[in-house]
Amino acid sequence: MSAQPSRQGSLPQSAATVTVFAAPTSWIESDALAQCHQVAALDGMVHVAAMPDLHPGKGAPIGAAMLSTVLYPFLVGSDIGCGIAVFPIRLKRAVPEKLATRFPDLDRALDPERDADDPAWAVLDGDVPAGHVEGLGTVGRGNHFVELARIDTVLEPDHASRLGLAARDLVLIVHSGSRGLGERILRAHTEVHGAGPAPDPASYLALHDAAVRWGSLNRRLMAARVAHALGAEPTEPIVDECHNSVEIRDGAYLHRKGAARGDGRDVLVAGTRGTPSYLVAGHAGPEANHSVAHGAGRKMSRADALRRGRAKHTVEELRRTPVGSLVVCGDRQLLFEEAPTAYKRIEQVIGDLVEHKLATPVVSTVPLVTYKTADLAPVADRRDARRRRGRP
DNA sequence: ATGTAC
């Protein structure tokens, strides 16, 4: 393998450069590469850096950092401020079967009035960004999750110890975003300007920044909800990086869609529901648009994962994974869509980051319990519920 | 990924 970025853009001189940070043997869908070149041809585009977890998105590729003199809201997408945070958590015992039943309902929002006495509110410092209360403290759908995980391998002992991490420690990993708020911000732009640039970048950025703060608050609220439910004290995150954002960098707009800030920051690169994740130290330079990958990256579309997964897996094997972890997910379709086999191998993604000197792995984590969406109620409970409603 | 429409 070469240490050089393996594929260079070779399209019209007017188009921006496209650099893909993946080994030739790493699976990158041609549709995703085509999307990178479409983005490279946009007015004002300077450089597109594709991460090893690159895959096709709706209109724009996912797993890319895109530098442009023009701000394009659609390159950030609707889940502005989506990201992954890591919170240390101390538990006396961590038996997945016991803990899985104790997770709170993270599909149900925290209501400032009805849930006024919920201790999770203690993480709120000041006002709720944009005053947007709907969906606060909820995980959402798609690839979002809240996971109780254990530190497995320590690869950089000094760095791990600076983060207060040692082998066998427990952490909560929270992957979620700005829910309806970011969606509303992009829709308001798109209704008037479509995929065109933001005519007033400062006003878009003000809304964007609020969504980024909201996403981070949401992750903290969820970690606090889960910590309280499991009988632990909430903690401050040791890592919290968003991967859908835009920032001003060297006088241009650096859009990241499924790519995390990778310049001197620690980032949790998520595996799948049933494989390890890696906390890495990012040190990406300008060629990579100062970015690192955000996860394993989809290898199959949701439709393919559903079709092939139904033929290949049982619900039971997806709910209890090969590493012994449990997946809380009452939605069977989501379980298949999010099957580990629908994603690339995280080791390959991490290997590509290392090969191209974008990041150094610090620790790996293995899941114990991953919460996706509220579980199906046990049969007895459902029967009771029907009886309470006066049905047979 | 989302809220909403089908």
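**Figure 1. Lining of the largest cavity.** The residues that line the largest cavity of this predicted model comprise seven nonpolar, no polar and three charged ones. The lining consists of Arg273, Leu318, Val327, Cys329, Leu334, Leu335, Glu338, Ala339, Pro340 and Lys372. Two elements, strand S15 (326-329) and helix H8 (332-337), each give two or more residues to this lining.

**Figure 2. Cavities in the protein.** Rolling a probe the size of a water molecule over the atoms shows where empty space is left. The model contains three cavities of 30 Å³ or more. For the largest cavity, the volume is about 50 Å³.

**Figure 3. Surroundings of DNA strand B.** The residues around DNA strand B are Lys58, Ser78, Asp79, Gly140, Arg141, Gly142, Asn143, His144, Arg179, Gly180, Glu183 and Arg302. Of the atoms of DNA strand B that come within 4 Å of the protein, 77% belong to sugar and phosphate. The surface near the strand is made up of six polar and six charged residues, with no nonpolar ones. Helix H4 (residues 179-193) gives the most to this surface, contributing three residues.

**Figure 4. Polar contacts with DNA strand B.** At serine 78, a polar side-chain atom is placed 2.8 Å from a base nitrogen of DNA strand B. Two further contacts involve the protein backbone and phosphate oxygens of DNA strand B. In arginine 141, a backbone N or O atom lies 2.7 Å from a phosphate oxygen of the strand. In glycine 180, the distance between a backbone N or O atom and a phosphate oxygen of the strand is 3.5 Å.

Methods: Residues are numbered from 1 along each chain as its sequence is written. Chains are lettered from A and ligands numbered from 1 in the order in which they are written. This is a predicted model: local features need pLDDT of at least 70, side-chain atom pairs count only at pLDDT 80 or more; totals for chains, interfaces and linings use all residues. Side-chain values use heavy atoms; hydrogens and water are left out. A residue is near a molecule or strand if one of its heavy atoms lies within 4 Å of it. A polar contact is a pair of N or O atoms within 3.5 Å; within protein, one must be able to donate a hydrogen and the other to accept it, and residues adjacent in sequence count only if both atoms are side-chain atoms. Helices (H or I, at least four residues) and strands (E, at least two) are DSSP runs, numbered from the N terminus. Ala, Val, Leu, Ile, Met, Phe, Trp, Tyr, Cys and Pro count as nonpolar, Asp, Glu, Lys and Arg as charged, and the others, Gly among them, as polar. On a 1 Å grid over the protein atoms alone, a cavity is a set of points where a 1.4 Å probe fits but cannot get out, and a pocket is an open set with protein on both sides within 12 Å along at least five of seven lines; lining residues have an atom within 4 Å of a point. Grid points are joined across faces, edges and corners, and a volume is the space filled by probe spheres set on the points.
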